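Biologist: Hey, can you walk me through this one? I'm new to reading models.

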Amino acid sequence: GGGRPAWIADFRDGWPFQPLAARWPTAAQRHIDAALERAVATRAQRTIGATRPIADDLERRLGSRARWIPNGWDPDLEPDIAAAGRELEIEEQGWVTLLHTGLFSGPRARGPRGRDPRALLRALRAINDEAGSDRRRIRLLLAGRPTVEDQELVQQAALGDGVRHLGLLDRASAVALQRRADCLLLITGSDSSEATGKLFEYLAANRPLIALAANNEAARIVDSTGTGVVVAPDDEPGIDA
């Protein structure tokens, strides 16, 4: 009839469930925010969660008809990636390359969404310091805009030529680089729903992953797909191993 068209609410992140934003300071604001979330989640014909915990929360807490639809990969990007790959000039002979693209550390003040690479940096220095002539050292490649915090952490780690900043790259160049690295590095926070879009770029690159993750969607996806190893971000002996 002449009713309202059906519509779908797509939750890329949780609303009050593991939110990106800080908690509202007053009870009145929190009450209004909760009412808005419930209205969206229950009036939509379907809700979609980008990760399984988001969809499960919508269904369990609000009774929403929720489904989990993960991120994927757009094959239409392939020509741009191939062109970018032909222009890339990066030679890392004699090194095992460990590539991280995007924001590296993320402010730890963000709480569960913060990323802390300090255990990784300490493990890398120990590995490279102990490497003999019969074992290649590891070079960490960082592709992305370096923050002040990133620069301070890397300087404190004293990795020398074991780390290289490549600067900010466009997406096609970053993905082309992912496909050339020996291994790809993923660092996550502690939210159970965290599985960044970068993870799916990594999966499409078909390179082995080291996921610094624990008890979250990123860890589950890497483990269930058999695409790499998962170790807690603060487990320095585990990262070393």
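Modeller: We'll chat about cavities first and then a pair of helices. This is a predicted model, where local features need pLDDT of at least 70, side-chain atom pairs count only at pLDDT 80 or more, and totals for chains, interfaces and linings use all residues. Residues are numbered from 1 along each chain as its sequence is written, and side-chain values use heavy atoms, with hydrogens and water left out.

Biologist: How many cavities of 30 Å³ or more are there?

Modeller: Two. A cavity is a set of points on a 1 Å grid over the protein atoms alone where a 1.4 Å probe fits but cannot get out. Volume is the space filled by probe spheres set on the points, which are joined across faces, edges and corners.

Biologist: How much space lies in the largest cavity?

Modeller: About 60 Å³. Its lining (residues with an atom within 4 Å of a point) includes His100, Phe104, Arg145 and Asp150.

Biologist: And which helix gives the most to the lining of the second largest cavity?

Modeller: Helix α2, residues 52–62, with four residues. Helices here are DSSP runs (H or I, at least four residues), numbered from the N terminus. That second largest cavity holds about 40 Å³.

Biologist: New topic: at what angle do α7 and α8 pack?

Modeller: About 15°, with their axes 11 Å apart. Axes are lines fitted to C-alpha atoms over the stretch in contact, and angles run from 0 to 180 degrees between N-to-C directions. So α7 and α8 are roughly parallel, the word for angles under 35 degrees.

Biologist: Which residues of α7 make the contact?

Modeller: Leu199, Phe200 and Leu203, meeting Ala218, Ile221, Val222 and Thr225 of α8. Contact means heavy atoms within 4.5 Å.

Note on methods
On a 1 Å grid over the protein atoms alone, a cavity is a set of points where a 1.4 Å probe fits but cannot get out, and a pocket is an open set with protein on both sides within 12 Å along at least five of seven lines; lining residues have an atom within 4 Å of a point. Helices (H or I, at least four residues) and strands (E, at least two) are DSSP runs, numbered from the N terminus. Angles under 35 degrees count as roughly parallel, over 145 as roughly antiparallel, 65 to 115 as roughly perpendicular and the rest as oblique.
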